[in-house]
Amino acid sequence: MEGDEVMGEAQTAAGAKATSIEEKQYLLRFNADTQSHLHVMDADVCLTSCPDKICTIFCPAEVYKWEEVRMHVGYEGCHECGSCRIGCPHQNIKWVYPKGGHGIVFRLG
């Protein structure tokens with residue numbers, strides 16, 4: 001109990017305030033470029049050699065979506081973690097940093 005009181009005093013002394021869930025949802029912003037920084041180099045590889053479409057599973061932002069016979073890349077929501085660059089078993093995804101001023105923006109909260 002004393003630890004909780006000390007923690008509360010420390011937060012109050014530092015000027016921290018409780019935030020709502022709505023405020024926490026807006027900690028990430030995206031400034032998307034008009035051109036993708038993510039490229040599936042050969043769509044046929046996805047179609048013929050990758051039955052599991054593993055990139056649709058390991059991307060934390062769910063950027064990659066398989067749509068019938070092609071891969072859709074929603075680059076606008078990319079977290080820039082680079083997992084697609086190293087996770088594709090066929091090295092079929094080209095990942096580069098977005099142009100300066102574009103991409104994910106982390107807001108301190």
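1. The second largest cavity in this predicted model has a volume of about 60 Å³. Its lining is made up of Leu 38, Cys 59, Ala 61, Val 63, Tyr 64, Cys 78, His 79, Glu 80, Cys 81, Gly 82, Ser 83 and Cys 84. By class, eight of these residues are nonpolar, three are polar and one is charged. Glu is a charged type, and Glu 80 is in the list.

2. How many cavities of 30 Å³ or more does a search of the whole structure find? The search finds two. The largest holds about 70 Å³ of space.

3. Which residues line the largest cavity? They are Val 45, Cys 46, Cys 50, Ile 54, Cys 55, Met 71, Cys 88, Pro 89, His 90, Asn 92 and Ile 93. Nine of them are nonpolar and two are polar. No charged residue takes part in this lining. Cysteines appear here, including Cys 46 and Cys 88. Cysteines also appear around the second largest cavity, among them Cys 59 and Cys 84.

4. Trp 66 deserves a look of its own. This residue sits in strand S3, which covers residues 64–67. Tyr 64, at one end of that residue range, lines the second largest cavity.

5. Is Trp 66 buried, partly exposed or exposed? Its relative accessibility is 27%, so Trp 66 counts as partly exposed. The class runs between the 20% limit for buried and the 50% limit for exposed.

6. Beyond its neighbours within four places in sequence, Trp 66 is in contact with Cys 46, Leu 47, Lys 53, Thr 56 and Met 71. Cys 46 and Met 71 also belong to the lining of the largest cavity. Lys 53 is 13 residues from Trp 66 in sequence, and their C-alpha atoms are 7.4 Å apart in space. The side chain of Trp 66 also reaches a backbone atom: the oxygen of Glu 68, at 3.0 Å.

7. The count of aromatic pairs comes to one. Its members are Trp 95 and Tyr 97, with ring centres 4.8 Å apart. The ring planes stand at 65°, so the pair is edge-to-face. The cut-off for that label is over 60 degrees.

8. Where do the two partners stand in terms of accessibility, buried or exposed? Trp 95 has a relative accessible area of 7%, so Trp 95 is buried. Tyr 97 has a relative accessibility of 59%, so Tyr 97 counts as exposed. The edge-to-face pair therefore joins a buried Trp 95 to an exposed Tyr 97.

Methods. Residues are numbered from 1 along each chain as its sequence is written. This is a predicted model: local features need pLDDT of at least 70, side-chain atom pairs count only at pLDDT 80 or more; totals for chains, interfaces and linings use all residues. Side-chain values use heavy atoms; hydrogens and water are left out. On a 1 Å grid over the protein atoms alone, a cavity is a set of points where a 1.4 Å probe fits but cannot get out, and a pocket is an open set with protein on both sides within 12 Å along at least five of seven lines; lining residues have an atom within 4 Å of a point. Grid points are joined across faces, edges and corners, and a volume is the space filled by probe spheres set on the points. Helices (H or I, at least four residues) and strands (E, at least two) are DSSP runs, numbered from the N terminus. Buried means under 20% relative accessible area, exposed over 50%, partly exposed in between (1.4 Å probe, protein chains only). Contact means heavy atoms within 4.5 Å. A polar contact is a pair of N or O atoms within 3.5 Å; within protein, one must be able to donate a hydrogen and the other to accept it, and residues adjacent in sequence count only if both atoms are side-chain atoms. Rings of Phe, Tyr and Trp (its six-membered ring) pair if their centres lie within 6.5 Å; planes under 30 degrees apart count as stacked, over 60 as edge-to-face and the rest as tilted.
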